[in-house]
Structure formats: C-alpha cells, structure tokens
Amino acid sequence: MTDPVSVEAKRGPLVPIGQSPRNQRETVLRKLLWIGVWLVFLGSPVRDLVAGNHSTGGTVVGWLGLAVFVGVYLTLVFRNMGTPFTMPLVVGLLVVLAMLATALSLTLGGSWLGLYCYVSVACGATLPLRVAYGAVPATAGLMLAVGGHVGPDVARELVLLVLLIGFAMSGVGQLVRTTIELRRARATVAQLAANEERLRLARDLHDLLGHSLSLITLKSELAGRMLPDHPAKAAQQVADIEQVSRQALVDVREAVTGYRRPRLVAELAGAQVALTAAGVVVEAPADPDLTGVPEEAESALAWALREAVTNVVRHSGARRCTVEVLRRQTLDGPVLELSVEDDGSGGSGKGPGNGLTGLTERLEKAGGSLEAGRIRHGFRLVARVPAAPSVDVGSRA
C-alpha cells in the first residue's frame, strides 16, 4: 500500500513557498490563502447577525450588505494580485468599501467597525505607496469618527490595528512589486546573455568557416587544374584540403564550446598559406612581438587578420598583400596595430558586410577599434587593440 506521506513528499507541498506558481490551480490557491487570512475580522459582524440583535429586516439588510462588502473586497484584492484594475476603478471600489463599512456600522452598531480593517488592507494592497500613506490614516480617522457614534471603546481598540495592517500591506505590496520587477530583470538578463552567446557563435562561425571554406575552394580549383598533367601535385592539394577541413571541424567544435581563442602567430602562418594558394604575393612578419599583450586583445587581432585575408582571397582580386604588426604610442596609451593592405578592388559591396560588422564588435569588446576602406591603389584594414608599453614604439614587429 502506498504511503500517503511519501506520495505528498514526491508531489511537493500544496502551495510551494518561495517559488512561482506552476499552474493556474496553484495561483488560485495561493491567492485564496493570502486573502483568506484577513477574513478573521468578519467574526464580529457574523456573531452580531447570528445573535439576533436586530429585526428581521435589519438582519436581512446586514447579511446582504456584508455579502456585497466581502464580494467587492475579494474582487478588488484578488484582481490586484494578478492583472490590476485601472486606478480610477480601484479608487471607486475603495470608496464603495468605505461607504458600505460606514453605512453598516452606523446602522447595525459598533460590532461592524472591524470592516474598516478590510478598507485599510485594500488601500495598502492596491494603492501606490505615497497614496496609501495618506489613505490608511484617513481610513483610521473615518473609523474613529463613526465609532464616536456607535462604539467609542471599540474604535479606540481597533485604530492601531487599522493603521498597522494598512501600512503592513503597503510594505507587502511594495515587496511584491519589487519581486516582480526583479524576476523580469532576471529574465531580461538571461535573454541578453543568450543573445550575446548567439552573437558570439555567429561571429566565430562566420570567421572560421569563411576562411576555411575559401581556402578549400581555392585548393579544389588548383587540384582540378593540376589533375590531368600533374597528379602528384593535385594529390598534395587534396591532402591539404583534408587537413584544412579537419582543422575547420576542430575550430567549429571549439567555437561552439566557447574555447576558441586564435593566436596571431598561427593566423599569420595560415594567411601565408591561403594567400599563396590564391596566387597573391605576401609580405608578413613571421614572429611579431606580442610581449605583454592581453590574450583577449591578441585573439581579437587574430580574428581581424583572418577576416581581412578571407576578404582579400574572396573579393579583392589582388596580386599583392602586405601585413604589418606595429606597436604605437597614442594619447590613450600604447596600442598594437595590425595593418592589412592589398592592391585589389576591395569587392563590390556598398557597405560593410557581416564580417566587418562582427569584427568591429569583437574589437570594441577588447577595447580596440577598426578602420577599413579603399585607398588610392587598393584596400586597407587597420585594427588596433590596447597593448603593454614597449621600448620599440612604432617599430616594425
């Protein structure tokens, strides 16, 4: 036989504390529990009606008035915990509550002054903080004025309670609103983090696959031209294609897991291979001085070099390409500058493509900047990132 306690433990508590409602049933139960606590103050009016202290007509009017009062109260507070009414309607319903409490108290006696506790709770729960700070004392003042005619002792006993629960509900309402705002902010932060990760992945895949696929295309064309007369050279090109494709697969896996950090030296070597395969004469430093350069800055320059070489190979139709890595001293401090200049047309695009846009974002994230545009005899891309001070300022790396 199944143990009821174990079944309840598996299901969890009826209304989980400190968690968002999981369904509509939990939402309704939570609201009923929260609102139902305050219905204890109905004990005095109910006892007064049951005791037969009034005529038949007075008792009927009392029950009807009490039912309308509770209905308005529950409607106002229950709705406020979900999608609140408009403020004019809230104020109107509060006025109705105050009028009912006043009419019933003056008609049926001091036992009904406890209804002002509900008016105070409703004011604290539904009104903005500044307005509630005035409405709660006003409710207590109204109760004292009415109580002066039907039950001064009861009014004096209740005044502190009316003030305390009204202000307490104002604080609870403010806490609820703050919690809702925090949940929305947390959801927004999570969405922004997801968007940032998608953007990072899109940039990495664009830069990785654009370069690798361009090189594979070039070597495939070379292998096709060499195949009839130079099968040995064609086989070498096919072997290079296999190597490039395997490395591209590794790079994509690293990019997906967030571990991809290209090194500038490796990208310089890759640029030599790609540009030579495309028939472009290359001038590039083999071993630039990267002493003290932050890893993120070096990685950003490596991505810039890869994107620049990919554009030279795919779009420029250049015959020569010069790559320089320089240290410079600027007003903002020392920088490491990468310059890629070719004598090609620079492509036919009317504006910066996805690659340059993503590259700009990547460099800005590393504290750097990007300049790219046509020059008199070709196209130049210049990327700069912060670097540690160096003695050989402005020298060729």
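**Exercise 1. In which loop is the place of G110? Determine also whether G110 is buried or exposed, and which residues G110 touches beyond its sequence neighbours.**

Solution. The model is a predicted one, and G110 has its place in the loop between α5 (87–108) and α6. The relative accessible area of G110 is 12%, and since buried means under 20%, G110 counts as buried. Leaving aside residues up to four places away in sequence, G110 touches V150 and V154. The C-alpha atoms of G110 and V154 are separated by 6.7 Å, although their positions lie 44 residues apart along the chain when counted as a separation in sequence.

**Exercise 2. Work out how α5 and α6 are oriented to each other, and describe the residues that meet between them.**

Solution. Begin with the geometry: the axes of α5 and α6 are 9 Å apart, and the two helices pack at an angle of about 170 degrees. Angles over 145 degrees count as roughly antiparallel, and α5 and α6 are therefore roughly antiparallel to each other. Turning to the contact, M87, V90, L94, L97, A98, A101, T102, L104 and S105 from α5 meet L115, Y116, V119, A122, C123 and T126 from α6. Sorted by class, this contact of α5 with α6 holds 12 nonpolar and three polar residues, with no charged residues.

**Exercise 3. Repeat the analysis for α6 and α7, giving their orientation and the classes of the residues in contact.**

Solution. Helix α6 covers residues 115–126 and helix α7 covers residues 129–150, and their axes come within 9 Å while crossing at roughly 170 degrees. By the cut-off of 145 degrees, α6 and α7 are therefore roughly antiparallel to each other. On the α6 side the contact involves Y116, V119, S120, C123 and G124, which meet A132, A135, V136, T139, L142, M143 and V146 of α7. The residues of this contact comprise nine nonpolar, three polar and no charged ones.

**Exercise 4. Establish how many disulfides the model has, and whether C123 and C321 are buried or exposed.**

Solution. A disulfide requires a pair of cysteine sulfur atoms within 2.5 Å, and by this rule the count is zero. C123 has a relative accessibility of 6% and so counts as buried, and C321, with a relative accessible area of 1%, is buried as well.

**Exercise 5. Describe the chain as a whole through its helices and strands, its buried residues and its exposed area.**

Solution. The chain contains 12 helices and five strands, and of its 397 residues 40% are buried. The exposed area is about 21,900 Å², of which carbon and sulfur atoms supply 61%. Of the contacts between residues at least 6 apart in sequence, 69% join residues at least 24 apart.

Key
Residues are numbered from 1 along each chain as its sequence is written. This is a predicted model: local features need pLDDT of at least 70, side-chain atom pairs count only at pLDDT 80 or more; totals for chains, interfaces and linings use all residues. Side-chain values use heavy atoms; hydrogens and water are left out. Buried means under 20% relative accessible area, exposed over 50%, partly exposed in between (1.4 Å probe, protein chains only). Axes are lines fitted to C-alpha atoms, for helices over the stretch in contact, and angles run from 0 to 180 degrees between N-to-C directions. Helices (H or I, at least four residues) and strands (E, at least two) are DSSP runs, numbered from the N terminus. Angles under 35 degrees count as roughly parallel, over 145 as roughly antiparallel, 65 to 115 as roughly perpendicular and the rest as oblique. Contact means heavy atoms within 4.5 Å. Ala, Val, Leu, Ile, Met, Phe, Trp, Tyr, Cys and Pro count as nonpolar, Asp, Glu, Lys and Arg as charged, and the others, Gly among them, as polar. Accessible areas come from the Shrake-Rupley method with a 1.4 Å probe; for residues, only the protein chains shown count as cover.
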